[in-house]
Amino acid sequence: MWVILIGAALIIGGLLFLVSSVLGRKPSNPHQLPQGGTTLEPRRQGLRFLGLSQNWPALAVIALGAILLAFGRYS
């Protein structure tokens with residue numbers, strides 16, 4: 001039973017760690033578009049913040065929690 005609870009806690013903790021890195025970013029300032037109007041979209045952000053190289057610790061914690069959940073039911 002404890003293995004399942006620890007696995008669930010690791011998954012939730014990994015998700016919180018993953019989300020905190022994105023939510024901790026500085027909000028963008030409004031700027032003008034070339035076509036006119038203003039936007040809050042970042043200028044050159046891309047999808048680098050979703051990359052595996054920056055999020056591997058959180059993904060490892062989630063994977064460890066999933067392994068504990070999968071094998072915890074057999075104990």
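1. Helix axes whose N-to-C directions form an angle over 145 degrees count as roughly antiparallel. In this predicted model, the axes of helix α1 (residues 2-23) and helix α2 (residues 52-72) cross at roughly 160°. The two helices, α1 and α2, are therefore roughly antiparallel to each other.

2. Two packed helices are described by the distance between their axes as well as by the angle. For α1 and α2, the axes come within 7 Å. The crossing in which α1 passes α2 is left-handed.

3. On the α1 side, the residues that meet α2 include V3, I4, I6, G7, L10, I11, L15, F17 and L18. Their counterparts in α2 include P57, V61, I62, L64, L68 and L69. Sorted by class, the contact of α1 with α2 comprises 17 nonpolar and 6 polar residues, with no charged residues.

4. F71 merits a separate remark. This residue lies in helix α2 and counts as exposed because its relative accessibility is 58%, the cut-off being over 50%. F71 is 64 residues from G7 in sequence, while their C-alpha atoms are 9.6 Å apart in space.

5. Concerning the overall arrangement, the protein chain contains 2 helices and 2 strands, which follow the pattern α-β-β-α along the sequence. Among contacts with a separation of 6 or more, 61% join residues 24 or more positions apart.

6. As to solvent accessibility, 13% of the 75 residues of the protein chain count as buried. The chain exposes about 6,100 Å², and carbon and sulfur atoms supply 70% of this area.

Terms used: Residues are numbered from 1 along each chain as its sequence is written. This is a predicted model: local features need pLDDT of at least 70, side-chain atom pairs count only at pLDDT 80 or more; totals for chains, interfaces and linings use all residues. Side-chain values use heavy atoms; hydrogens and water are left out. Axes are lines fitted to C-alpha atoms, for helices over the stretch in contact, and angles run from 0 to 180 degrees between N-to-C directions. Helices (H or I, at least four residues) and strands (E, at least two) are DSSP runs, numbered from the N terminus. Angles under 35 degrees count as roughly parallel, over 145 as roughly antiparallel, 65 to 115 as roughly perpendicular and the rest as oblique. A crossing is left-handed if the near helix is turned anticlockwise from the far one by less than a right angle, and right-handed if clockwise. Contact means heavy atoms within 4.5 Å. Ala, Val, Leu, Ile, Met, Phe, Trp, Tyr, Cys and Pro count as nonpolar, Asp, Glu, Lys and Arg as charged, and the others, Gly among them, as polar. Buried means under 20% relative accessible area, exposed over 50%, partly exposed in between (1.4 Å probe, protein chains only). Accessible areas come from the Shrake-Rupley method with a 1.4 Å probe; for residues, only the protein chains shown count as cover.
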